[in-house]
Amino acid sequence: MPNITVNERPIVPFDGSPWIWSGLLLLPLAAVLLRNAFFSKRLPVPVIYSEVKDTQARKSKYLQFPRETLGHGYKTFGSAIWGLDTSQGIKLVIPTTYLDELKSHPSLSFTESISNDAMKEYTGVGGLPDNIVQIFKAKFNPTVAAYLPYLQETVEKELADIFPYEQDWTETSVYHKVTRLVGRVSTRAFYGEAASRDEAWLELAQAYIETVLEYLQALKPWPEALRPVARFFLPQRAKLLKQWNQAHRHLSATLVARAASNSRNDPPSVIDHIIDSNPHVKVDELIHTQMALVVAGIHTTSAALTQLLFDMAAHPEQSRELRDEVDGVFDGHWTKQSLDQLKKLDSWMKESQRMNSADLTTFQRQALKPLRLTSGLSIDKGTRLEIPTAAIHFDDMYFSNASKFEPLRFYEMRKEEPAKHQYISTGKNDLAWGYGRHACPGRFFAHVEMKIFMAEFVRRWDVKMKDGLPRHRNLEFEANVSV
Ligand code: HEM
């Protein structure tokens with residue numbers, strides 16, 4: 001058991017540069033802005049919208065019209081590498097032909113890149129260290145099937161609460177309700193049973209996700225040099241720090257109680273596995289892990305389910321075929337085998353993800369050392385790379401009629417290649433889960449969680465858009481897609 005002390009004083013292991021630096025920054029600020037405006041390091045690749053001379057204007061264009069920017073770059077530069085001005089500096093957008101040589105490259109870090117995008121120094125949100133990801137893969141993933149009875153029982157009960165039975169069509173919002181359910185089952189898996197029943201924790205987790213996203217949206221449009229000062233004018237900062245401290249107190253108290261009772265969950269949670277692997281793990285490390293999983297696991301899964309419900313609502317006639325499939329398979333208990341038989345549902349989930357993946361780009365990596373590609377291009381230390389996933393997913397070369405929602409697209413493709421085109425599959429043109437060494441390790445849990453949710457949902461309800469309204473439009477902000 002770890003040595004735990006509960007720290008009553010606020011602990012904020014992030015929050016940008018201290019005041020003094022912000023003050024000092026004001027002096028050279030003008031110089032920095034001028035330098036940025038007039039000189040920029042020459043990139044060895046073309047930059048999208050280079051005809052717009054002001055870097056800040058190119059960044060704003062990407063902030064506001066990310067899908068269009070990425071699609072335009074993808075079409076313009078084809079199989080070449082090109083540069084993209086983002087709020088976190090320039091990134092290199094790479095074609096999929098480089099995936100083989102880069103997928104396991106030891107000099108490329110996913111963690112650094114994601115920490116940079118999520119502005120870890122301000123938000124505290126970043127990638128997980130490799131040792132924690134290894135524990136997740138080696139210890140937690142093999143236990144996913146053991147969660148099925150719990151998932152079934154909880155989804156059945158929660159669905160009845162969030163979507164009460166009605167005789168007639170009833171208007172409802174989706175994302176928050178779905179997040180509540182996903183929050184509960186994910187908390188059980190990542191944190192533990194007591195927290196999954198603790199409404200205060202569930203509310204805190206949901207509010208924290210929202211604050212992180214709002215803080216990022218508010219801070220990113222500011223030039224990098226001004227952010228240490230700008231953060232003090234943003235209400236999201238104070239909110240986030242308060243939530244972090246509440247989370248710290250909650251986790252510290254839980255860990256003290258766990259150590260005193262010498263108990264663990266059955267099946268074990270991710271936290272249990274981490275403590276089993278390293279009884280001297282620091283509380284701060286567990287808190288970072290837990291908060292990273294809240295963002296990586298709860299928000300993404302809730303958004304994917306919400307997108308799928310929107311797709312079903314936009315195609316109500318077709319979506320009824322899902323009920324026939326579920327009724328034909330369900331015998332009272334969901335097992336791995338029966339979930340695997342839901343091939344039409346699997347295809348709906350994948351088509352929804354193809355068209356509305358949670359990120360417009362994936363395979364985000366940062367070079368920890370200089371490297372040289374086989375094409376001869378040298379990549380400097382610190383350079384960030386990514387793949388234009390949404391643009392690839394909308395390319396007719398890879399998906400016929402790519403801009404059309406065809407829910408049984410992958411069902412048909414699986415008839416030819418049964419082992420491929422599954423919801424959890426990854427591939428060079430199938431990039432929503434990322435690719436290679438860092439491809440999402442949480443997809444196996446997300447897959448069963450989402451399938452049980454959807455199967456139980458279609459057994460009970462029909463869904464359609466209100467009065468013939470079109471499908472809901474996503475909100476896109478740089479690479480992030482929100483519902
Ligand atoms: C539909 C839901 C989800 C989506 C769309 C998603 C997507 C992704 C993507 C795109 C990556 C980056 C992969 C790469 O760059 O190669 C990733 C990484 C990751 N995901 Fe997920 N994810 C989802 C659910 C989850 C869940 C439920 C968990 C936790 C249980 C999770 C945990 C992680 C972790 C820990 C990483 C980092 C892996 C590493 O550092 O090697 N994800 N995810």
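This is a short tour of the structure, stop by stop, with something to select at each one. The model is predicted, and residues are numbered from 1 along each chain.

**Stop 1: the ligand**

Start with the ligand and show the residues around it. There are 24 of them. Pick out Phe136, Arg365, Tyr435, His438 and Cys440, which come nearest.

Colour the shell by residue class. You should find 15 nonpolar residues, eight polar and one charged.

Now switch to secondary structure. Which elements each supply at least two residues of this shell? They are α7 (130-140), α15 (283-314) and β4 (362-367). Helix α15 gives the largest share, with six residues.

Turn to the polar atoms of the ligand. Three distances are worth drawing:

- His438: a polar side-chain atom sits 2.7 Å from a ligand oxygen.
- Tyr435: a polar backbone atom is 3.0 Å from an oxygen atom of the ligand.
- Ala296: a polar backbone atom is 3.5 Å from a nitrogen atom of the ligand.

So His438 makes its contact through the side chain, while Tyr435 and Ala296 use the backbone.

**Stop 2: the second largest pocket**

Next, select Thr170, Glu171, Thr172, Val463 and Lys464. These lie nearest the centre of the second largest pocket, out of 34 lining residues. The elements that give two or more residues to this lining are α9 (175-190), α15 and α22. Helix α15 again heads the list, here with four residues. The pocket holds about 980 Å³ of space.

By class, the lining has 18 nonpolar, seven polar and nine charged residues.

**Stop 3: a closed cavity**

Keep Val463 selected. It also lines the second largest cavity. Add the other residues of that lining: Met312, Pro316, Ser319, Arg320, Arg323, Val458, Trp461 and Asp462. The space inside is about 80 Å³. Five of the lining residues are nonpolar, one is polar and three are charged.

How many cavities of 30 Å³ or more does the model have? The count is five.

**Stop 4: helix α17**

Select residues 321-329, which form helix α17. Look down the axis. The buried residues are Leu322, Glu325, Val326 and Val329. They lie on the same side of α17, because they cover an arc of only 95° around the axis. Then rotate to the face turned away from that buried side. Here you meet the exposed residues Asp324 and Gly328.

**Stop 5: the loop between α13 and α14**

Move to the loop between α13 (235-261) and α14 (270-277), where Pro267 is found. Select Asp266 together with Pro267. A cis peptide bond joins the two, with omega at about -5°.

Asn262 lies in this loop as well. Its phi is near 55°, a positive value in a residue other than glycine. Both features stand out, because most residues other than glycine have a negative phi and most peptide bonds are trans.

Is Asn262 buried or exposed? Its relative accessible area is 57%, and the cut-off for exposed is over 50%, so Asn262 counts as exposed.

**Stop 6: His421**

Jump to the loop between α21 (409-416) and α22, and select His421. Here too phi is positive in a residue other than glycine, near 60°. The surroundings differ from those of Asn262: His421 is buried, at 14% relative accessible area, whereas Asn262 is exposed.

**Stop 7: Arg471**

Follow the chain past α22 (443-460) to the loop that leads to β8 (475-477), and select Arg471. This residue is partly exposed, because its relative accessibility is 22% and buried means under 20%. Draw a line from Arg471 to Ala439, C-alpha to C-alpha. The two are 29 Å apart in space and 32 residues apart in sequence.

**Stop 8: Gln152**

Finish at helix α8 (residues 148-162), where Gln152 lies. With 8% relative accessibility, Gln152 counts as buried. One last distance runs from Gln152 to Val295. Their C-alpha atoms are separated by 23 Å, and the residues are 143 apart along the chain.

How values were computed. Predicted model: local features only at pLDDT ≥ 70, side-chain atom pairs only at ≥ 80, totals over all residues. Heavy atoms only, no water. Near = heavy atom within 4 Å. Polar contact = N/O pair within 3.5 Å; in protein donor to acceptor, adjacent residues only side chain to side chain. Nonpolar A, V, L, I, M, F, W, Y, C, P; charged D, E, K, R; others polar. 1 Å grid on protein atoms, 1.4 Å probe; cavity = no way out; pocket = protein on both sides within 12 Å on 5 of 7 lines; lining within 4 Å. Points joined across faces, edges and corners; volume = space filled by probe spheres on them. Buried < 20%, exposed > 50% of the residue type's maximum accessible area, 1.4 Å probe, protein only. Arc of directions from axis to C-beta.
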